[in-house]
Amino acid sequence: MKTGLRITAFAAALAGAFGTAYGVGQTFDPVVAERPRAHEDRHPSGAPESEHGGSAAHAPGGLQISEGGYTLDLDTRTVTAGERAELRFTVRDAEGRAVDEYRREHDKELHLIVASRDLVTYRHLHPERAPDGTWSTPVDLPRAGGYRVFADFTPDRPGAENLTLGADLAASGPYSPRDLPRPSATARVDGYDVKLTGTLTPGRAGELRLTVSRDGEPVTGLQPYLGAYGHLVALRAGDLAYLHVHPEGEPGDGTARPGPHVFFSATAPSGGSYRLFLDFKHDGVVRTAAFTVEAGKVTPEEPASPSPGRPEPSGHTDDGHGH
């Protein structure tokens, strides 16, 4: 696959100085993926090597804009930080036609994730599809900088497999980079404490247990969200490789309980740092607990700093995550 990247003087300027404006326009050109032409060959014989080793044909999700004959065509390439905008995109097949039939998975035809390159800002969005196959959703990104847009879906076509395609998005405004939050097995959000037990292991499936409590008491009334009592996404620091971690069991199957524990099975594609985002629903509000872990290492249990922000009726929104 050939996906041209326009890497301009902006990247060099950003590396040379912090606190400058993450500009969009004539002066600075964001690092974004070129939109493939309808007649472009999206499946060349040579597969590029990924940053963490291995060919792109076996790379984790989200690293490619095209895969398996499908392309993420992102109409919205830039937004302004702190301002509400409409994010529009289309999934196209090998002939350039808009895909308009999908298999429903976890209650949705398509899952859309937007994450900042520093993994501080996270959004799990629910776009709507128009009859012509165009998807759209409002988005409000609080900080300037580079973002990655992930579309997780399965086309409703014979032999189609689940795909996660990724494309770059730029948010303009004054930019100040942030470090990856330190590893911690405990996250606090809106008065809830979530504890992570288990180790993310490179190349081998392992069980992760997330335990939710509030005011020192276990939460046993979790509500179904996207067909489960929890929804977990893991992103690898550095290249934002995407792991959509599947829960063990589902509401009503006789085995999954509505808290305080939610279980997942996960495999890390490599060593390194990962950022885990757990969505859970309680009292009608979806909240997100975020963790930093090192694959293959035991995560310290010291509590992370509380996440700022207040819950809203439609979900939780703050500088780190939102719905």
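1. Let's start with β8 and strand β9 (residues 134-139): two bridges join them, and the two strands run antiparallel. One pairing to look for in the viewer is E128, which stands opposite S136 in β9. Please keep in mind while you look that this is a predicted model.

2. The β8-β9 pair belongs to a wider arrangement. Five strands form an open sheet in the order β2-β3-β5-β9-β8, with antiparallel pairing. The edges are taken by β2 (66-67) and β8 (128-129); each has a single partner strand, so one side of each is left without a neighbour in the sheet.

3. Staying with that sheet, have a look at T90, which is found in strand β5 (residues 85-92). Is T90 buried or exposed? Its relative accessible area is 2%, and because the cut-off for buried is under 20%, T90 counts as buried. Setting aside neighbours within four places in sequence, T90 is in contact with T71, L72, D73 and D75, and also with A98, G133 and T134. If you display those residues together with T90, you can follow this set of contacts by eye.

4. Now for another part of the chain, strand β18 (residues 261-266), where the side chains alternate. Which residues of β18 point to the buried face? They are V262, F264 and A266. H261, F263 and S265 point to the other face and are not buried.

5. Strand β18 has pairing partners too. Strand β14 (residues 206-214) is joined to β18 by six bridges, and the two run antiparallel. Within this part of the structure, G206 has A266 of β18 as its bridge partner; A266 is also one of the buried residues in the alternating pattern.

6. Strand β17 (residues 242-247) likewise runs antiparallel to β18, here with two bridges. What is the bridge partner of P247 in β18? It is F264, another residue whose side chain points to the buried face of β18.

7. Finally, some figures for the protein as a whole. Its secondary structure comes to one helix and 22 strands. Of the 323 residues, 47% are buried. Among contacts between residues at least 6 apart in sequence, 68% join residues at least 24 apart. The protein exposes about 14,700 Å², and carbon and sulfur atoms supply 48% of that area.

Note on methods. Residues are numbered from 1 along each chain as its sequence is written. This is a predicted model: local features need pLDDT of at least 70, side-chain atom pairs count only at pLDDT 80 or more; totals for chains, interfaces and linings use all residues. Side-chain values use heavy atoms; hydrogens and water are left out. Buried means under 20% relative accessible area, exposed over 50%, partly exposed in between (1.4 Å probe, protein chains only). Helices (H or I, at least four residues) and strands (E, at least two) are DSSP runs, numbered from the N terminus. Two strands pair if DSSP finds at least two bridges between them. Contact means heavy atoms within 4.5 Å. Accessible areas come from the Shrake-Rupley method with a 1.4 Å probe; for residues, only the protein chains shown count as cover.
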